[in-house]
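Thanks for coming. I have one chain to go through today, and I will keep to what can be read from the coordinates. Here it is.

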Amino acid sequence: MTIKIQKWGNSQGIRIPKVILDELNISDKDELEIKVEDNKILIEKIEQRKNIKELFEGFDGDYKSVDVNWGEAVGEEIW
């Protein structure tokens, strides 16, 4: 697929075809990172952090604390 750079105000831009956006599951609200590597332009979707509801989705409320043995102190830690 070939596209052309177009003038956009004082900048220049490209349009990403819908078929590519669909294939990569990118929508108009997503944030992208753009960088140059080995003389190539790379554009990557930034994965959004999960909110608290998404993090606890499926949690059944049954939590039991567990003691963890971190071993002996190896520096100047105070235990």
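I start with confidence, element by element. Strand 3, residues 32-37, has the highest mean pLDDT among the elements of the chain, at 96, and helix 2, residues 52-55, has the lowest, at 88. This is a predicted model, and the average pLDDT over the protein chain is 90. Of its residues, 99% score at least 70. As a general caution, predicted coordinates should not be read in detail where pLDDT is low.

Now the layout. The protein chain has two helices and four strands. In sequence order they run β-β-α-β-β-α. How does the radius of gyration of the protein chain stand against the globule rule? The radius is 23 Å, and the rule gives 12 Å for 79 residues, so the chain is more spread out than a compact globule. Along the principal axes, the C-alpha trace spans about 60 × 40 × 25 Å.

Contacts and burial come next. Take the contacts between residues at least 6 apart in sequence: 0% of them join residues at least 24 apart. As for burial, 3% of the 79 residues count as buried. The exposed area of the protein chain is about 8,700 Å², and carbon and sulfur atoms supply 51% of that.

One pair illustrates distance along this chain. E23 and W70 are separated by 47 residues in sequence, and their C-alpha atoms are 45 Å apart in space. E23 belongs to helix 1, residues 18-23. With a relative accessibility of 68%, E23 counts as exposed, the cut-off being over 50%.

On charge, there are 12 positive side chains and 18 negative ones in the protein chain. The centres of these two sets lie 14 Å apart.

Next, a tryptophan. W8 sits in strand 1, which covers residues 6-8. Is W8 buried or exposed? Its relative accessible area is 57%, so W8 is exposed. Leaving out residues up to four places away in sequence, W8 touches G13 and I14.

Last, the loop between strand 3 and strand 4. Most residues other than glycine have a negative phi. Which way does D38 go, positive or negative? D38 is not a glycine, yet its phi is positive, at about 50 degrees. D38 lies in the loop between strand 3 and strand 4, the latter being residues 40-45. Its relative accessibility is 70%, and D38 therefore counts as exposed.

N39 is placed in the loop between strand 3 and strand 4 as well. The phi of N39 is near 65 degrees, again a positive value in a residue other than glycine. N39 has a relative accessibility of 78%, so N39 counts as exposed.

To recap, the prediction averages a pLDDT of 90, and the protein chain is more spread out than a compact globule. Of its residues, 3% count as buried. The loop between strand 3 and strand 4 holds D38 and N39, with positive phi at D38 and at N39. That is all from me.

Key: Residues numbered from 1 in each chain as written. Predicted model: local features only at pLDDT ≥ 70, side-chain atom pairs only at ≥ 80, totals over all residues. Heavy atoms only, no water. Rg over C-alpha atoms; globule rule 2.2 N^0.38 Å. Buried < 20%, exposed > 50% of the residue type's maximum accessible area, 1.4 Å probe, protein only. Contact = heavy atoms within 4.5 Å. Areas by Shrake-Rupley, 256 points an atom, 1.4 Å probe, with all protein chains shown as cover. Lys, Arg positive; Asp, Glu negative; His and termini not counted. Charge placed at Lys NZ, Arg CZ, Asp CG, Glu CD. pLDDT = per-residue confidence, 0-100.
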